[in-house]
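Reader: I'm new to this and keep tripping over the labels people put on residues. Could you go through a few with me?

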Amino acid sequence: MVLEDLRVQEIPRAGGGFSYTVLWPDGSVVEEVDDFLRGYDGRGTQRTYAFCLVDHLRWRFREGLTTESVKILDLHRYMGAMGSRVSMPFGLVWRLPPKRPLGTSALKVLAACVKGFYVHACAVGGVNEELGSALAATRLPTRADRDRALLGHLKTTMPANPLAPPRRSGRRRHPKMLPEDARPELMTVVNTARDRMVVTWLSDTSMRIGGLTGLHLMDLHLRENAACGECRSPHVHGCHRQGNPNRAAAKIKPDWQMVDGVITGGEIYRASPAMVSSYFAYTTTEYAACAGRHGMLMVQLAGPQRGLPWSAGAARAGCCVGLVPAPSCPAGSRPRRSGTSSPTTCWMPAMATRWSPRPLATGPRPGWSTRSTGTRTCTPRSSRRP
């Protein structure tokens, strides 16, 4: 907890899950921020925006600004201090080491949050109309905008965010995907049946790591002609739950319900034979030895919390400490996670596309490039010379 400064307050909800707001140093609620965040109650966006706004309010307090006095140029200076490219001096350094400037994706989220907050505050409070009109910018629609809209040929303007970082030149890059032989390589370094199940399930479905660690045993219909009647083949129901003890939840939120002990609805994923096999290998060995009565699928296998649900953060860190043997990690180096948001590769590419945990023995294989550290990284096919 941060005392004597603005801070984010987490509030448990009666139906499970948490809400977030921002407090003044004396413990009172920042009313204008709380009123804005209530529009995102029950969504993960609320937590993200709460931490974005608490940082912005700290910067605004240092600059001696308020909602009534802040100008559009001040917001541009703030975005420059956070890492965006602006054609003006932005004052004192705000993100001191070891913090780094935000990346493009994080800057887009921050820009959307700051714009939404001030548009809401100016409209509700009836103040700073100049800032509100400056943020209500528009642009001409592109061909992609017209194609995505139902009546795109009738669109003449599109909302724009003047605080957003400039778009990169060139075409939009596709999400990073695993190389063809990455899955066998991962299977050779995982140490447990649980980790082999994680690699298999994430590679065979479009499930995110939060959705996988948020699964309950009742969500799994790994037999043909299950009682739900929604899919004849073995399948899994991805259900968004706010009250999971490990706080993991599926990002998508289709309606689901439990009738007579049978889950129906949610996001349905077909289960491959490899998924079913890895599930039984895990549940009949490691899961049966340490699982509690929480009913969740993924559990911790070691440590003081052995048998408790496995969180999404611990699963992401597994590719750094749980799956990679310590002696094989190059001295002075650590694996870095990829910045992709692809649902299939949100957990695995850190090891598969950055470096391989095993040193080269007889030279690089075809399609792999060698670094001076003696490790292997995958070279994308599109960048290889003929």
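**Where the labels come from**

Author: Sure! Let's start with Leu151, which sits in the loop between α6 (143–148) and β4 (158–159). Helices (H or I, at least four residues) and strands (E, at least two) are DSSP runs, numbered from the N terminus. One heads-up: this is a predicted model, so local features need pLDDT of at least 70 and side-chain atom pairs count only at pLDDT 80 or more, while totals for chains, interfaces and linings use all residues. Residues are numbered from 1 along each chain as its sequence is written, and side-chain values use heavy atoms, with hydrogens and water left out.

Reader: Why is Leu151 called partly exposed?

Author: Buried means under 20% relative accessible area, exposed means over 50%, and partly exposed is in between (1.4 Å probe, protein chains only). Leu151 has 48% relative accessibility, so it counts as partly exposed.

Reader: What makes Arg148 and Asp145 a salt bridge?

Author: The rule asks for a side-chain nitrogen of Lys or Arg within 4 Å of a carboxyl oxygen of Asp or Glu. For Arg148 and Asp145 the N to O distance is 2.7 Å, so the pair passes that test.

Reader: How do you know that Arg148 and Asp145 are separated by about one helical turn?

Author: Because they are 3 residues apart in helix α6.

Reader: Which of the two is buried and which is exposed?

Author: Arg148 is exposed, at 64% relative accessible area. Asp145 is buried, at 6%.

Reader: What makes Arg62 and Glu63 a salt bridge?

Author: Their closest N and O atoms are 2.8 Å apart, so they fit the rule as well. Arg62, at 32%, is partly exposed, and Glu63, at 27%, is partly exposed too.

Reader: How do you know that Arg77 and Glu63 link distant parts of the chain?

Author: Arg77 and Glu63 meet in a salt bridge at 3.6 Å, N to O. Arg77 belongs to helix α3 (residues 72–82) and Glu63 to helix α2 (residues 44–63), with their positions 14 residues apart in the numbering.

Reader: Why is Arg77 called buried?

Author: Its relative accessibility is 17%, so Arg77 counts as buried.

Reader: How many salt bridges does a search of the whole structure find?

Author: The search turns up 13.
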